Amino acid sequence: NACNTSMVVTMNARELSHFFEERCCRRAQDEINHLAWDMLDLCKQEAYPLFKNCGPTCYTLGKCNEGHMSCGKPYVREEKTI
């Protein structure tokens with residue numbers, strides 16, 4: 001609570017893709033959601049071909065993988081990220 005934490009993580013492109021799928025979702029905690037979208041923007045700047053189709057499945061595939069736990073508010077391609 002109200003404590004700054006510095007973290008260093010190492011992920012390959014496949015794990016980053018999975019991270020974006022899970023944490024860019026609206027159901028993710030707000031802080032990690034904002035961080036994930038910022039990280040995705042940075043990854044797209046550095047390696048667009050690898051990360052152009054990354055993000056939550058409602059955004060990339062047009063369907064939610066959360067089943068009955070879906071938020072019911074899918075992202076659309078034209079929508080600006082958080």
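**Group meeting: a four-helix model, from one asparagine outwards**

Let me begin with a single residue, Asn-33, which lies in helix H2. Please keep in mind throughout that what we have on the screen is a predicted model. Is Asn-33 buried or exposed? With a relative accessible area of 3%, Asn-33 counts as buried, because the cut-off for that word is under 20%. As for what its side chain reaches, there is a contact at 2.7 Å with the backbone oxygen of Cys-25.

From there, let me step back to the whole chain. The protein has four helices and zero strands, so that, read from the N terminus on, the elements run α-α-α-α. The C-alpha atoms fill a box of roughly 35 × 35 × 20 Å when that box is taken along the principal axes. For 82 residues, a compact globule would be expected to have a radius of gyration near 12 Å, and the protein has 13 Å, which agrees. Of those 82 residues, 26% count as buried.

Now to the interior. In soluble globular proteins, nonpolar side chains tend to be buried together. In this model the largest nonpolar core has 13 residues, and those with the most contacts inside it are Phe-20, Cys-24, Trp-37, Leu-40 and Phe-51. Helices H1, H2 and H4 each supply at least two residues of this core, and H2, the helix that also holds Asn-33, gives the most to it, with four residues.

Two pockets deserve some time. The largest has a volume of about 240 Å³ and is lined by 19 residues, of which Cys-25, Thr-57, Cys-64, Asn-65 and Glu-66 lie nearest its centre. You will recognise Cys-25 as the residue whose backbone oxygen is reached by the side chain of Asn-33. Helix H1, residues 13-23, and helix H4, residues 57-60, each supply at least two residues of that lining, with H1 giving the most, namely three. By class, the lining of this pocket has seven nonpolar, five polar and seven charged residues.

What, then, lines the second largest pocket? The residues are Met-7, Val-9, Met-11, Phe-19, Ile-32, Leu-35 and Met-39, and by class that makes seven nonpolar, no polar and no charged residues. About 150 Å³ of space lies in this second pocket, and helix H2, which covers residues 30-46, gives the most to its lining, with three residues.

Let me turn to Arg-26, which is found in the loop between H1 and H2. At 29% relative accessibility, Arg-26 counts as partly exposed, because that value falls between the 20% and 50% cut-offs. A polar atom of the Arg-26 side chain lies 2.4 Å from the backbone oxygen of Lys-73. Alongside that, the C-alpha atoms of Arg-26 and Pro-74 are separated by 8.1 Å, although the two residues are 48 apart along the chain.

As a last residue, consider Leu-50, which lies in helix H3, residues 48-51. At 57% relative accessibility, Leu-50 counts as exposed, because the cut-off for that class is over 50%. Leu-50 and Asn-1 are 49 residues apart in sequence, and from C-alpha to C-alpha they are 36 Å apart in space.

To close, I would return to helix H2, since this is the helix that gives the most to the largest nonpolar core and gives the most to the lining of the second largest pocket, while also carrying the buried Asn-33 with which I began.

Note on methods:
Residues numbered from 1 in each chain as written. Predicted model: local features only at pLDDT ≥ 70, side-chain atom pairs only at ≥ 80, totals over all residues. Heavy atoms only, no water. 1 Å grid on protein atoms, 1.4 Å probe; cavity = no way out; pocket = protein on both sides within 12 Å on 5 of 7 lines; lining within 4 Å. Points joined across faces, edges and corners; volume = space filled by probe spheres on them. Nonpolar A, V, L, I, M, F, W, Y, C, P; charged D, E, K, R; others polar. Core = buried A, V, L, I, M, F, W, Y, C linked by side-chain atoms within 4.5 Å. Buried < 20%, exposed > 50% of the residue type's maximum accessible area, 1.4 Å probe, protein only. Polar contact = N/O pair within 3.5 Å; in protein donor to acceptor, adjacent residues only side chain to side chain. Rg over C-alpha atoms; globule rule 2.2 N^0.38 Å.
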